[in-house]
Amino acid sequence: MLVRDLYCLGLTVFAVLPRFPGYQIRTFPVSAPIDIQENFDGRSIINPGYVREGSGGGTSGGSGTDAQAGTGIDETFYYGFNSEINQNLRGEMKPKVVMRVRSQAEGFWRVLGFDRYTGKGWEISRNEQVVNHKRPSWSYQIFLSPPAISGESQEVVQTYTVVSELPNLIPALANPKQIFFPAPEIAVDPEGGLRSPVGLSKDLTYTVISQVPYRDRTLLGEASTDYPQNIRNYYLQIPPKIATRVQQQTQEILANYNQQRVGQSEKALTSPYEQALYLAQYLKQNYTFPENPLDLPYLAENEDLVEAFLFKHKGGYPDHFSTVLTIMLRSIGIPARLTVGFSPGEFNPFTGLYIVRNTDAYALTEVYFPEYGWFAFDPIPGHPLILPSVEESQTFSILQKFWQWIAGWLPSPVSGFLNTLFTVVFNWITAAIAWFIALFSQGWWGVFTSLMIITGISFLSWLGLQQWRGWCRKRVLAKLHPVERLYQQMLYWTATQGFHKHPAQTPLEYARISHQYYPAIVAKVIEEICQAYISWRYGGQLPDIEELKIQWQTLKKEQLSSCKNRKRGYKTTM
């Protein structure tokens, strides 16, 4: 009695509990808790592959050892994951997988941003101004403070699993607002980078929820150029000795475009967004990588990287392109910064995971637009100019990823032709869907038309499915021995009449029961076919198959004629 009363009380309490929209516990994949013994100030970056000269540890706050003294890029760790980076380093990394990512949208797994250009690299000028965020003891969830933006955005959930040791920098899509992380606290630097108290070890798993903005070219092209003072203070800095020359070069490039295109009824480049797009594309097309990765000479002591890139070497290493674009934009009054992180990586269509390698790390340029925030531009040759993000159509996303994986194994002419063909087909399908949906906004006539279309498509689909099934069945029967083929045809015909053979029944049992459902003449033919099948299958005896076929065809015609006569008699009676 007591148990029943408690059960009823529990149901009553559950029934009257309020169910608000926010009353939901969201749990995401995350590793077991990490115990932190020391106080965490968030300023130090622990990069095992970027060690300051004379230091035996992995904690780095400087720009690394002097490249001209013989030190190059570490073979395992990307040089850009540090509070200061030296782009005068030389070398290549050996590829290895560093993490796997499951994400609702593809994007750039952002790690760090830099605001101050040093002439040979970059630094975070406000590295001391990190902000710590703690999580409650009962939850892994840490709430962050993403920048306020007025444009449309979309929530994107990403789960990261570390495969190989990484620095204590936490990759995430732009504008993270929540993170499920095993450490009791994390730090956020002024450039939006996330930092862990410890390095990211193998098998560590965490989840990030980002509020990723849509990239609306029209809105960004109309964005204001009235930049806040804190943006002007940090993202327009250029070394004075190169400022005038870089500004003249940048203005000359834009002026040449405007002179050539305005006469062709094209608009002049006036908005910062269009200027950033064009300059990024200009660098891709007019500057190159060195043929040998080690051919590019080291910069002299007083030599500037951007100046050498533009006027001396006419190119440089991949990250140099992003540095040059950033400084060119700053020279004409457009706030920009350098950002490092990982490209999406290789998508595995069978697991739904992005496989990210150390060689996927690189730098790109982020440009600030008032009210809309920071947006990335990639000037590196061979990279897409605009990174994939949430504004991309997701209708055929998995199919597209699978095709990209397949296309990587095909010759270029074949994959190019198929790409064109698939693009035309997908565009046609998308246009047809859009036209069909638009019918519902055209009143009753549109609704009636759409219903007729649905009915017609449904009927044709059903008819096509029946034809497909019949064709498949004929192909299967054509491969069978004539005796077994006749036996299977008989079973299919009786099944359409409602007399199915149970899998547990033997052919002879089925034949005996057929006398209860069919006239004697029909049951006799069924029994003969079953007996012939048994004799062939288990006794190796070949019956007179032609005679059986004749009997079977005659029987089906008689049955069909009998059905027609019954229908005529029924109509006459009516």
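## Exercises on a predicted chain

The chain has 14 helices and 20 strands. Helices (H or I, at least four residues) and strands (E, at least two) are DSSP runs, numbered from the N terminus. The model is predicted: local features need pLDDT of at least 70, side-chain atom pairs count only at pLDDT 80 or more, and totals for chains, interfaces and linings use all residues. Residues are numbered from 1 along each chain as its sequence is written, and side-chain values use heavy atoms, with hydrogens and water left out.

**Exercise 1. Find where confidence is lowest and highest in the chain.**

Step 1. Start with the scale: pLDDT is the predictor's confidence in each residue, from 0 to 100. The chain averages 82, and 82% of the residues score at least 70.

Step 2. Go to the extremes. Strand β2 (residues 59-60) is lowest, at a mean of 44. Strand β16 (residues 336-342) is highest, at 97.

Step 3. Check the weak stretches. Residues 14-25 have a pLDDT below 50, with two contacts in the model beyond near neighbours in sequence. Contact means heavy atoms within 4.5 Å. Residues 566-574 also stay under 50, and the model gives them zero contacts beyond four places in sequence.

**Exercise 2. Describe the burial and the nonpolar cores of the chain.**

Step 1. Take burial. Of the 574 residues, 41% are buried (under 20% relative accessible area, 1.4 Å probe, protein chains only).

Step 2. Take the cores. A nonpolar core is a set of buried Ala, Val, Leu, Ile, Met, Phe, Trp, Tyr and Cys residues joined through side-chain atoms within 4.5 Å. The largest has 95 residues. Met 99, Trp 109, Ile 179, Phe 181, Val 306, Phe 342 and Phe 369 have the most contacts inside it. Strand β19 (residues 361-369) gives this core its largest share, seven residues.

Step 3. Look for another core. A second, separate one has 22 residues, including Trp 493, Val 525 and Ile 526.

**Exercise 3. Test the lengths of helices α5 and α13.**

Step 1. Set the rule: the expected span is 1.5 Å times one less than the number of residues.

Step 2. Apply it to α5 (residues 272-286). Its 15 residues should span 21 Å, and the end C-alpha atoms are 21 Å apart, which agrees. Buried residues in α5 include Tyr 273, Leu 277 and Leu 283.

Step 3. Apply it to α13 (residues 520-539). Its 20 residues should span 28 Å; the end C-alpha atoms are 27 Å apart, which agrees. Among the buried residues of α13 are Val 525, Ile 526 and Trp 536. Val 525 and Ile 526 also belong to the second core. Gly 540 follows α13 and has a positive phi, near 70 degrees.

**Exercise 4. Place strand β12 among its partners.**

Step 1. Check burial. Five of the five residues of β12 (residues 176-180) are buried, so the strand is largely enclosed by the rest of the structure.

Step 2. Find the partners. Two strands pair if DSSP finds at least two bridges between them. Strand β9 (residues 141-143) is joined to β12 by three bridges, running antiparallel. Ile 142 has Ile 179 as its bridge partner. Strand β15 (residues 205-213) pairs with β12 over four bridges, also antiparallel. Here Phe 180 stands opposite Thr 207.

**Exercise 5. Order the strands of the four-stranded open sheet.**

Step 1. Read the order: β8-β13-β14-β11, with antiparallel pairing.

Step 2. Name the edges. They are β8 (131-134) and β11 (169-170), each pairing on one side only.

Step 3. Inspect β13 (residues 185-188) and β14 (residues 194-195). Two bridges join them. Val 188 has Leu 194 as its bridge partner.

Technical notes: Buried means under 20% relative accessible area, exposed over 50%, partly exposed in between (1.4 Å probe, protein chains only).
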